[in-house]
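Work through the exercises below with the sequence and the model open side by side. Each task is followed by a solution in steps.

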Amino acid sequence: MTCFAYPPLPQMDKPLPLRERRLAHEWDLIQKLMAEYPDKISGLQHIDDEAFLISVNDMPALYKQPGDDWRDAITDKHSVTVAFPRYFPSLPCEIFLSRPVFHPNVDPVNGFVCLWNRHRVANTVMDALARLAAVLAWRLYNPDAPHLMQPDALTWYDSSTEARSRLPLTHDPWIIADQTWERTEHHRRRRLS
């Protein structure tokens, strides 16, 4: 019988606080995503302890209200800042686009993308990127007042039959949050009786 010995854990005076552990975990997740999808995510830059910058491809979005030729209004490359607020993970990570897009839930000035109607502490950067892809493609939008930052985009969508027939934008999602979460059914405790 062969025994495997694992290296000892480093000795620490006290464990890292939850925020620091989660930030390290998020950093690892984004690096794993980059390794798995090098043609989709690139240019990782660590801005500071609270944010990083990445370039994402294959996330189609309307960068302006389309005219007669929709191809002129679609872009699929974005420079994205992922920021972690002071009280992360109790508060969700925030996504900012360097070039705001035409969508009801994207701030046209600073590029902030409203991703969360309800946040769970377990949400990760993968969840945020999966929701970002859905928002950009118009598969996901929230018409409620607190989330509405471009009312003209919502009015255009509601009043245009062409918009309703062409949206959501067609693409193959390459990040699916439900399949990339590390939690699975078999990890839950089950009651035996």
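The exercises concern a predicted model, and they go from the sheet to a helix, a histidine, the aromatic rings and the backbone.

**Exercise 1. The sheet**

Find the order of the strands in the open sheet, and state which strands stand at the edges.

Solution.
1. Start with β1 (residues 41-48) and β2 (residues 51-56), which run antiparallel and are joined by five bridges. One of the bridge pairs is S42 with S55. Two residues lie between these strands, and the two form a hairpin.
2. Go on to β5 (residues 78-83), which is joined to β6 by four bridges, again antiparallel. Here A83 has E94 as its bridge partner.
3. β6 also pairs with β7 (residues 112-113), over two bridges and in the antiparallel sense. I95 has V113 as its partner in β7.
4. The five strands therefore give the order β1-β2-β5-β6-β7, with antiparallel pairing, in an open sheet. β1 and β7 are at the edges; each has a single partner strand, so one side of each lacks a neighbour in the sheet.
5. Add the helices. α1 (residues 18-36) packs on the sheet and touches β1 and β2, with its direction at about 160 degrees to that of β1. α2 also packs on the sheet, where it touches β1, β2, β5, β6 and β7; its direction makes about 45 degrees with that of β6.

**Exercise 2. The two faces of a strand**

Sort the side chains of β6 (residues 94-97) by the face to which they point, and state which are buried.

Solution.
1. Begin with the rule: in a regular strand, side chains alternate between the two faces of the sheet.
2. In β6, I95 and L97 point to one face, and both are buried.
3. E94 and F96 point to the other face and are not buried.

**Exercise 3. One face of a helix**

Explain why the buried residues of α3 line one face of the helix.

Solution.
1. List the buried residues of α3 (residues 151-159): A153, L154, W156 and Y157.
2. Viewed down the axis of α3, these residues fall within an arc of 160 degrees, so they line one face.
3. As a general rule, an α-helix has 3.6 residues a turn, so residues three or four places apart point the same way.
4. Check the other side of α3, where T155 and S159 are exposed.
5. Identify what the buried residues pack against: β3 (61-62) and α4 (161-166).

**Exercise 4. A histidine in a loop**

Is H147 buried or exposed, and which residues does H147 touch?

Solution.
1. Locate H147 in the loop between α2 (125-136) and α3.
2. Its relative accessibility is 12%, and the cut-off for buried is under 20%, so H147 counts as buried.
3. Leaving out residues up to four places away in sequence, H147 touches P104, N105, C114, W116, N117 and N142.
4. With N117 there is also a polar contact between the side chains, at 3.5 Å.

**Exercise 5. Aromatic pairs**

Classify the ring pairs Y37 with W174 and F52 with F84, and state which parts of the chain each pair links.

Solution.
1. There are 12 aromatic pairs in the structure.
2. The pair of Y37 and W174 is tilted, with 5.3 Å centre to centre and 55 degrees between the planes. Y37 is in the loop between α1 and β1, and W174 is in the loop between α4 and α5 (177-180), 137 residues apart. W174 is buried, at 10% relative accessible area.
3. For F52 and F84, the centres are 6.0 Å apart and the planes are at 45 degrees, so this pair is tilted. F52 is in β2 and F84 in the loop between β5 and β6, so the pair ties together parts 32 residues apart in sequence.
4. F52 is buried, with a relative accessible area of 2%, and F84 is buried at 5%.
5. One aromatic cluster is formed by W70, F102, W138, Y141, W156 and Y157.

**Exercise 6. Unusual backbone angles**

What is the form of the peptide bonds from F88 to P89 and from L167 to P168, and what is the sign of phi at D58 and W138?

Solution.
1. Recall that most residues other than glycine have a negative phi, and most peptide bonds are trans.
2. The bond from F88 to P89 is cis, with omega near 10 degrees; P89 is in the loop between β5 and β6.
3. The bond joining L167 and P168 is cis too, with omega about 5 degrees, and P168 is in the loop between α4 and α5.
4. D58 has a positive phi of about 60 degrees. D58 is in the loop between β2 and β3 and is partly exposed, at 30% relative accessible area.
5. W138 has a positive phi near 70 degrees. W138 is in the loop between α2 and α3 and is buried, at 3% relative accessible area.

Technical notes: Residues are numbered from 1 along each chain as its sequence is written. This is a predicted model: local features need pLDDT of at least 70, side-chain atom pairs count only at pLDDT 80 or more; totals for chains, interfaces and linings use all residues. Side-chain values use heavy atoms; hydrogens and water are left out. Buried means under 20% relative accessible area, exposed over 50%, partly exposed in between (1.4 Å probe, protein chains only). The arc is that of the directions from the helix axis to the C-beta atoms. Contact means heavy atoms within 4.5 Å. Two strands pair if DSSP finds at least two bridges between them. A polar contact is a pair of N or O atoms within 3.5 Å; within protein, one must be able to donate a hydrogen and the other to accept it, and residues adjacent in sequence count only if both atoms are side-chain atoms. Axes are lines fitted to C-alpha atoms, for helices over the stretch in contact, and angles run from 0 to 180 degrees between N-to-C directions. Rings of Phe, Tyr and Trp (its six-membered ring) pair if their centres lie within 6.5 Å; planes under 30 degrees apart count as stacked, over 60 as edge-to-face and the rest as tilted.
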